Amino acid sequence: MEKIEHTTISTNGINMHVASIGSGPVILFLHGFPDLWYSWRHQLLSFADLGYRAIAPDLRGYGDSDSPPSPESYTILHIVGDLVGLLNSLGVDRVFLVGHDWGAIVAWWLCMIRPDRVKALVNTSVVFNPRNPSVKPVDAFRALFGDDYYICRFQEPGEIEEDFAQMDTKKLINRFFTSRNPSPPCIPKTLGFRGLPDPPALPAWLTEQDVSFYADKFNQKGFTGGLNYYRALNLSWELTAPWAGQQIKVPVKFIVGDLDITYNIPGTKEYIHEGGLKKHVPFLQEVVVMEGVGHFLQQEKPEEVTDHIYGFFKKF
């Protein structure tokens, strides 16, 4: 870990913290919520040994990157703009791209808006969902799962932050990372995250040192930046109307765990396996479903995920 270099890059009006290691073709890794560059720690080291330059930023609002206060500063156009500016600052023309969770959503949209900057994409956990012109995304989630669905609960500024503040951050991180319940996460206001059962003992793939790293950063930064991605969902929907109906036209491999909540959303398995995803991502070449694996697959099964990524990118 001490070999990983840490720099700060000015991009799109913010300062972005970037972890990087190695030399060679560039792989850009994008994390999700509640996560940091650190979620790619295993892949950074492995791909440096494999002859790549591996780069993982703290996205806007996370870790040691700037965290603008307004939710309106977290649309998908802001985040994609940060990454284009990052590549420009580094003098990198095109990258191999890997995303997870919110990072997967950002990766889809980077490929949509700037396919000229991406050689190939390995995306994990979150499928590409085309823009529905008739309903905003938060409204759609509320109609499907009700007001207690976590994305709906995240909408009111300050409410979930207050809930999180009543818990030990290490326990909260543990709860997020080790959940094995594939059902849609619904959290009644009367219960809150603080009212959930204590998390289990740490699994072998997540150490006390790992949990402490995350907890320390979120204790310093807070969760508002990450939550603002959810609060900007409807605004992003409004701003991305010009791309309605456009396909993702870069080579793609998609990986998901069979215990991931994203894979178990009603209709998702059919969408992936019966041609729906291929319709919108015509250069989709491979789909991998990892058995017995949850949401944070790149940390839970780092060697397998690295092998899947490397096996795909070495074709190009």
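Which residue in strand 5 does phenylalanine 29 stand opposite? Select phenylalanine 29 and look across to strand 5: the residue facing it there is valine 98. As you go, keep in mind that this is a predicted model.

Now widen the selection to the two strands themselves. Strand 3 covers residues 26–30 and strand 5 covers residues 95–100; they pair in the parallel sense, over 4 bridges.

Next, show the whole sheet. It is an open sheet of 8 strands with mixed pairing, and if you step across it the order reads 1-2-4-3-5-6-7-8. Colour strand 1 (5–11) and strand 8 (284–290) to mark the edges: each has a single partner strand, so one side of each is left without a neighbour in the sheet. Turn the view as you step from one strand to the next, and you will follow a twist that averages 20 degrees.

Then add helix 2, residues 76–90. This helix lies across strands 1, 2 (14–21), 3, 4 (53–57) and 5. Relative to strand 1, helix 2 runs at about 115 degrees.

For the last stop, head to glutamine 155, in the loop between helix 5 (150–153) and helix 6 (159–165). What is glutamine 155 in contact with, leaving aside its neighbours within four places in sequence? Select Val138, Tyr230 and Arg231 to see these contacts. Closer in sequence, pick isoleucine 151: its backbone oxygen lies 3.0 Å from a polar atom of the glutamine 155 side chain.

To finish, draw a distance between the C-alpha atoms of glutamine 155 and alanine 19; they are separated by 30 Å, and the two residues are 136 residues apart along the chain.

How values were computed:
Residues are numbered from 1 along each chain as its sequence is written. This is a predicted model: local features need pLDDT of at least 70, side-chain atom pairs count only at pLDDT 80 or more; totals for chains, interfaces and linings use all residues. Side-chain values use heavy atoms; hydrogens and water are left out. Two strands pair if DSSP finds at least two bridges between them. Axes are lines fitted to C-alpha atoms, for helices over the stretch in contact, and angles run from 0 to 180 degrees between N-to-C directions. Contact means heavy atoms within 4.5 Å. A polar contact is a pair of N or O atoms within 3.5 Å; within protein, one must be able to donate a hydrogen and the other to accept it, and residues adjacent in sequence count only if both atoms are side-chain atoms.
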